[in-house]
Structure formats: C-alpha cells, structure tokens
Amino acid sequence: MNRFSDTASASPLTNPLLLVMVLAAFTSVLNNSMVNVAIPTISTGLNVSPSLSGWVITAFSIVFATGVALYGRVSDSYSFRLTFLSALVIFGIGSLTCALAPSFGWLVAGRAIQAAGAAAIPSLAFGSVARLFAPGKRGVVFGTLSSAIGLGAATGPLIGGLGVSAFSWRVLFYGTLTVICLLFVAAWRFLPDLNAERARQPHRFARLDLPGGLLLALGAAALLFGVTAANHSGLAAPQAWGALLLAAALIALFVCRIRTARHPFAPPALFGNRQFLSAAAIALLSQAAFIGGGLFLTPLLLINQLGLSAFETGLVVAPGAIAVALLAPTIGRLSDKFGPRPVLGISLTWLLCGLLFMSSFAVGAAPWMVTIALVIASIGYAGVTSPAANAASKALSPEIAGVGFGIYQLFFFMGAGSGAAVFGSVLTARQQQAAPALNPFYEGAAATAAFSDAFLVACTAVLMAMVLLIGLGRGVPASPASTSTST
C-alpha cells in the first residue's frame, strides 16, 4: 500500500510506524551529539593529535552527505521496509566497529560505516510522511520528527559527558548499537512496504539511475570536503580549491545526466520548482546559521574562552535544544493551519534576534546570557525545521517523495557542514587580525570580539533565508511525468 495514511494518527504513541521513525531520528542525532563531546577523550585515548581527531566527525559528515539522497531514490523504487532495515544493519555494524576499534584508523572506518547506514534515516523518515499523510496534516508530523531531533541534540552532550566520565568513550557506541538492535526488531514488526505495487515493476534498477545518484552524492561530498579544507588550510590550498573544482564538475555532469537520461535520478522539473528550491535553500541557510554557526561556535566560546567543561557546556546548550523539542510539533501544526510562509517569517525573525543578541551582548558575558541567546535562537529554529519541510512536501508528488526529500535533506545537512566551516573560517581570520568587533553594540572583551563577528556573519545567512520567503507559494508538485526532457 502506498497512501493508507491520509487518516493515520499523527501521534507516535498510537502510530507504530511514526514511533519507529521518531526513535530512529532521535538515535541518529544522539549518536552524533554524544561523539562530539567525546573527541578530546578519544584523541587522548588513541594517542592522536586534536586536529587529526577531527576526522571522526569529518568522515561521518562526508559519507552521510554521499548517502542521504541515494537512500531517498532507492526507497522510491524498492521496498521501503527492506531499505530501512538494511540501513539499520549497516548503522549497527559501524557502531560495533567503533566500539571495538583497536586504532584510530579503525574508528574512522567505523564512523564512515555508521554514516552509510544513518544517512537513510532523515530521507526515509521525512519521505514516508510525504507519502502517508495528506497535505494539511504533515506539518505536525514533521514537527514531531523535528522534536525528536531537538531532543537528541539536547541530551547527547549530557549523556556523552556522563558516559565518558563514568566509563569510556567506547560505551557510547555500545549504547548506540543496543538502541539500533531494538529499532530493528520494531521496524521488522511495524514498518509496511510502501512500494508493494512496484515490486514487479520492470527496469527498476535502470529507473534508479545509479550513475546520476553517484554524481550528485560525490559532488556534494567534494563540496563539503572542499569547504572544510578551506576552513583548515585556506582557500589557496590545493586540496581546497581542487575539491571545489571537482564538486563543480560533478554537479555539472549531474545536471547533464538528468536532462538526458531516460529514467533520471530526479526529474529536472524538481530543480525548476520555485517552491521546492526556496524551501530547501531556507533549510540550508537556517541550518548553517543555527547548527553550523550557533551550536558550533558556542562550545568553542564556552570551553576555550570561558573555561567550562564539556558537561557544563552541555548544560548551557541543553535548554535551547529542549525548546526545539517542545515547540516543534506545535509550530508544525500552525504551519498546517496558516501555511508555511507566515510561520517561517516569524520564526526566522526569532532566529535572527537570538543570533544578534548573542553577537551583541552574550559573547564574553556570563554563561547564563549565552543560554538566553540560544533559547531565543532555538525558538526560531524550532519554527523553521517543520514548516520548511512542509513547504517542500507541497512541491513533491508521492511518486518522487523519497528522492525529493533525500535531496531536501542533502541541502539541510550541507547547511550544517558548510556553516561550521564558513563561520569557523571567519572566527579564525578575525582572531588573527585581533581587530575590534564589527558589531557596534558589542562592548565585551577584545579576546571574544572575533566570536561576536562570527555570530554577526551567521545573521546574514538568516537575512538571506528571509528574502527567499518570496519564493514560497502554493507550489505545483513535481513528478516524473513533468520531465519533458526525458527521452
């Protein structure tokens, strides 16, 4: 069955499928946020330099970016249930590899395997909502998924800090493996096969268009690697500009591929749909500002400048993430009632105010001021995630919901990765210049002026997202049938 859910319950307490998706989304985010706070301990335990230990995060990010769109396309042509179960197996193998890793190389390999499985979760979770819930009922479900993501981000640093302090960093991966095993049993029991009527569809592998998918995935991975390399080594470094040129070439080849292939990886009309592109770009920019800017810069500020521990930093960050978890479902329901655009407009304004407050007053002040700034920004971010996904879903027909949300999640994820690199570069450049803060309202110490500037640049990403609200309207759903250039 394909759309049995126009009347399905929007509560995970009464909808087993939604419960599995919510727990999977929570686990994938928890896995990452736990590992982030364990990096210093991992660096010491495996005797690697702090700069090299960053590959624990980078390897996961690159492979995740490579896989997120591919899984969405696979779920359009193959069994949703089998795809999800296979991804959980890969996720579990990666977790076990990390837990048993005898060396740093094995740990990085395990993180890459983890990402190869975890990449399925966002595209399949959000894509299933677009298939199973009618327009007008999706916002609250997207909000529930966003709430799980916020809760994972909130509890990850606390659980990670406690686990590392009480046991070792390996216990984090054993814990993830345990949850994945439970999820596998639940998914085996409750997930339906959303593509039952396509089980005997001819030329399914050809329709998958693996070459097109690989061009997109590798182009995204090269772009993320290039931006990250530019952050660490500068744009003039060969690995930075070389990766960026490679990314441009691969994306250009992808565009040519979907215009000429008989069964393109994604319909060209999808990339000409203003509603979808505006929603995806808003998601990218808001992710860059909040995750890549706010949540990446804040731990550096608290630990390196204010001397807080990893656990204390988690306590400062947690209230904002809890705000996301509590507010996201309600705001998603509002986007169903009033439409995504007005809700996004108000939410982006809140996000801008939070980041501007951080740049102007919280940077260099007491930690409780940082908490207030993050809570304000988090209220805004909670109002962006589900309405933006809701707006994107209005531009997708059920036949391409999987690949559509895979590409949407690729934008979403690239925002976080590229934002951290861009704002990290701004921070480094301003620290080297040792110049006064650009923000005229900043009156803090000179030592933290560079952080004020980095948060100020993050504000510009939010302003760009606000301009893109113009592109959100009713939206005409893109579908395979609209690919007039296919032959």
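Does Arg430 count as buried or exposed, and at what relative accessibility? In this predicted model, Arg430 counts as buried, because its relative accessibility is 13% and the cut-off for a buried residue is under 20%.

**Overall fold**

The chain has 17 helices and zero strands. Of its 487 residues, buried ones make up 56%, and the accessible surface of the chain comes to about 19,100 Å², with 72% of that area belonging to carbon and sulfur atoms. When contacts between residues at least 6 apart in sequence are considered, 82% of them join residues at least 24 apart.

**The salt bridge**

A search of the whole structure finds one salt bridge. Its partners are Asp453 and Arg430, whose closest N and O atoms are 2.6 Å apart. The pair links distant parts of the chain, since Asp453 belongs to helix α17 (residues 449–467) and Arg430 to helix α16 (residues 401–433), with the two positions 23 residues apart in the numbering. Asp453 is buried as well, because its relative accessible area is 2%, a value under the 20% cut-off. Side chains of opposite charge can pair when their charged atoms come close.

**Nonpolar cores**

The largest nonpolar core holds 118 residues, and Phe84 and Tyr408 touch the most other members of that core. A second, separate core of 20 residues includes Leu30, Val35, Ala99 and Ala101. Leaving out residues up to four places away in sequence, Tyr408 touches Phe276, Ala279, Ala280, Ala283, Thr385, Ala388, Ala389 and Ala392. In soluble globular proteins, nonpolar side chains tend to be buried together.

**Leu374 and Thr298**

Leu374 lies in helix α15 (residues 367–393) and is buried, with a relative accessible area of 3%. Beyond residues up to four places away in sequence, Leu374 touches Phe290, Leu295, Thr298, Val316, Val317, Gly320 and Met358. Thr298, one of these partners, has its place in helix α12 (residues 274–305) and counts as buried at 0% relative accessibility. With its neighbours within four places in sequence set aside, Thr298 is in contact with Gly293, Val317, Met358, Val370, Leu374 and Phe455. Val317 and Met358 therefore appear among the contacts of Leu374 and also among those of Thr298, where the term contact means heavy atoms within 4.5 Å.

**Pairs separated in sequence**

The following table gives the separation of three residue pairs along the chain and in space.

| Pair | Apart in sequence | C-alpha to C-alpha |
|---|---|---|
| Leu374 and Pro319 | 55 residues | 8.0 Å |
| Thr144 and Thr330 | 186 residues | 8.6 Å |
| Phe91 and Arg111 | 20 residues | 9.1 Å |

Thr144 is found in helix α7 (residues 138–166) and is buried, with a relative accessible area of 13%. Phe91 has its place in helix α4 (residues 80–100) and is likewise buried, with a relative accessible area of 1%. Not counting residues up to four places away in sequence, Phe91 touches Ser28, Asn31, Gln114, Gly117, Ala118, Ile121, Thr176 and Ile180.

**Helices α11 and α14**

Helix α11 (residues 238–260) has 23 residues and reaches 33 Å from its first C-alpha to its last, which is close to the 33 Å expected at 1.5 Å a residue. Within α11, the residues Ala240, Ala243, Ala247, Leu250, Phe254 and Ile258 are buried. Helix α14 (residues 340–362) also has 23 residues, and its reach from first to last C-alpha is 31 Å, close to the expected 33 Å. Gly364 follows α14 and has a positive phi, near 85°.

**A nonpolar surface patch**

On the surface, Val89, Ile93 and Ile113 make a nonpolar patch of about 220 Å². Ile113 has its place in helix α5 (residues 104–118) and is partly exposed, with a relative accessible area of 31%. Ile113 can be included in such a patch because patch residues need over 30% relative accessible area, and the 31% of Ile113 satisfies that requirement.

Methods. Residues numbered from 1 in each chain as written. Predicted model: local features only at pLDDT ≥ 70, side-chain atom pairs only at ≥ 80, totals over all residues. Heavy atoms only, no water. Patch = residues over 30% accessible without salt bridge, like charges linked within 9 Å, V, L, I, M, F, W, Y side chains within 5 Å. Areas by Shrake-Rupley, 256 points an atom, 1.4 Å probe, with all protein chains shown as cover. Salt bridge = Lys/Arg side-chain N within 4 Å of Asp/Glu carboxyl O. Helix = DSSP H or I, 4+ residues; strand = E, 2+ residues; numbered from the N terminus. Buried < 20%, exposed > 50% of the residue type's maximum accessible area, 1.4 Å probe, protein only. Expected span 1.5 Å × (residues − 1). Core = buried A, V, L, I, M, F, W, Y, C linked by side-chain atoms within 4.5 Å.
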